[in-house]
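Thank you all for coming. I would like to walk through one structure this morning, beginning with a pocket and then turning to the way some helices pack.

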Amino acid sequence: MSSSLPVEPGTCEPGEKPAGAGEGRAAFLVGAGIFLSRIAGLVRDRVFAHFFGSSDAADAFKAAFRIPNLLQNLFGEGTLSASFIPVYARLAAEKNLEEARRVAAGVAASLALVVSVLVALGVSLAPWLIAGIAPGFTGEKRELTVRLVQILFPGAGLLVCSAWCLGILNSHRRFFLSYAAPVLWNIVMIAALLAFGSRRGQFPLAATLAWASVLGSAIQFGVQLPGALRLVGRLPAGLHWAQASVRTVMRNFVPVAIGRGVMQISAFVDEIIASLLPTGAFAALSYAQTLYMLPVSLFGMAVSASELPAMSSARGGEQEIAGYLNRRLNGGLRRIAFFIVPSAVAFLALGDVVAAAIYQTGRFTQRDALYVWGVLAGATVGLLASTLGRLYSSTYYALRDTRTPLRYAILRVVLSGALGYVFALCLPGWIGVPVRWGVAGLTLSSGIGAWVELSLLRRTLNRRIGRTGLPPELLLGLGAAAAAGAALGFGLKLLLQGWHPIPLAVLVLGLYGVSYFALAALFRVTEAQGLLRQAGRVIGRLAAR
């Protein structure tokens, strides 16, 4: 057995500055990996839109993709990180090497066992799952969706197993590989679309794409496994359920999984409602979610994922830990808001430019881009709340409190579901707009629920670690800079009407981004001033060469 478990220098006593390059570098590595994978995902979606548009086959694939994705969300990255990393990272920080290995081994074996059973059930029960998730699908569209679910389920199981690798890698501050690995999964799917897209009909092409997804999942898992095994050392065989630390992971896993399940139920409720709307609504919701999740992943997930191991490694007295978490949380909130506020304003004011640049090709027309913009505009209401909520939840997980976020997630889902039903199916008729626009009501209702959840998370955590949140003057400065930049971008969009979507987006969004950063620095937003100073130093060094 290996005599030592590698422990990264990032753990620190409360109040100390983290060793190494600090949280900025960790967040950058997570963000860089996520950026690459999300860009690859956007390319995949653009190629998908070219061949499928907003057709029945597109609806079927998007719906089928969501069902096995439930397995990944329930048992994968977010759930496992929240329950496994706090325990494993603390053991590594305390240099309790043998216990850390047993935890890693027990979690890996338990995960493989449970996932194998669930994959078998998912493949067998696919027809009944479709009946519950997409009751509006009938005929060939329903049959295709069932077949795709059966193909995709094993791939989702492999992605769940890769989440164990992510937990090990992140605990040792190896952030980049685990978040960049999905690039390979996307590349395989893109290659399948390009190779067979013009040679097969839409229904056979959807099946080919599903098989490519399974192959990509295996590759994504395979590239992470060797690195994870090198870090953890030799794993003792067995489930190790008798170990207290393993039981702690399992005990924390249950409420997190339930919380993720509750959020998935909310997503499925949205999709059930979308399946009752006219053709294209389901696909439009999926396209908008891909764009909406880009800033959430790049900035919210990057900061939250990099902070969780550091927060979990904190040692000291109760007050010391509370002060340490307070400082890290407030710093993370500022970094998130600096990027999320302009993202929300861009989606609201310039969402048609974004959607057209990414998707407008082949069967995906300008009319489809405007449709996605409307859905995206509804999503901007809750963009900041959803992203900040991720970091608040990570702070609870670092405190090994998984039940408080669960309670608030349930409340959010109930509220969003009730509002979603009214906004999607009733509101269009009340205000005299076409029924197809009801899908925008789904994203709007989710945003309202996100703000309610965030306020509850913040209020409860403030009682435990002190006052947290964003200063009003920061939000005012960010909002003013984003609004002014959006006005400039919107004006340029009107001047350049008729241009191809991609160069139009480069110019319009480029002007918006530069204006935002310059105005934020002018308004004395410290994050913008720091970035400008960094850019100046880099330019100075390049000029000196």
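**The pocket and the helices around it**

In the lining of the largest pocket there are 29 nonpolar, seven polar and four charged residues, where Ala, Val, Leu, Ile, Met, Phe, Trp, Tyr, Cys and Pro count as nonpolar, Asp, Glu, Lys and Arg as charged, and the others, Gly among them, as polar. Please keep in mind that this is a predicted model, in which local features need pLDDT of at least 70 and side-chain atom pairs count only at pLDDT 80 or more, while totals for chains, interfaces and linings use all residues. Residues are numbered from 1 along each chain as its sequence is written, and side-chain values use heavy atoms, with hydrogens and water left out.

The volume of this largest pocket is about 1,500 Å³, a volume being the space filled by probe spheres set on grid points that are joined across faces, edges and corners. A pocket here is an open set of points on a 1 Å grid over the protein atoms alone, where a 1.4 Å probe fits, with protein on both sides within 12 Å along at least five of seven lines, and lining residues have an atom within 4 Å of a point. The lining comprises 40 residues, and Leu298, Phe299, Phe339, Ser343 and Phe517 lie nearest the centre of the pocket. Two or more lining residues come from each of α1 (23-52), α11 (281-312), α12 (318-359), α18 (501-522) and α19 (526-544), helices being DSSP runs of H or I with at least four residues, numbered from the N terminus. Of these, α12 gives the most, with eleven residues.

How, then, does α12 lie against α14, residues 383-398? Their axes come within 8 Å and cross at roughly 160°, where axes are lines fitted to C-alpha atoms over the stretch in contact, and angles run from 0 to 180 degrees between N-to-C directions. That makes α12 roughly antiparallel to α14, a term for angles over 145 degrees. Among the residues in contact, meaning heavy atoms within 4.5 Å, are Leu333, Ile336 and Ser343 of α12 and Leu388 and Leu391 of α14. By class, this contact has 14 nonpolar, four polar and no charged residues.

On to the next neighbour: α14 also packs with α15 (residues 403-431), at an angle of about 150° and with the axes 9 Å apart, and α14 is therefore roughly antiparallel to α15. Ser386, Ser393, Tyr396 and Tyr397 of α14 meet Thr404, Pro405 and Arg412 of α15, and these residues divide into three nonpolar, three polar and one charged.

Conventions. Parallel < 35°, antiparallel > 145°, perpendicular 65-115°, else oblique.
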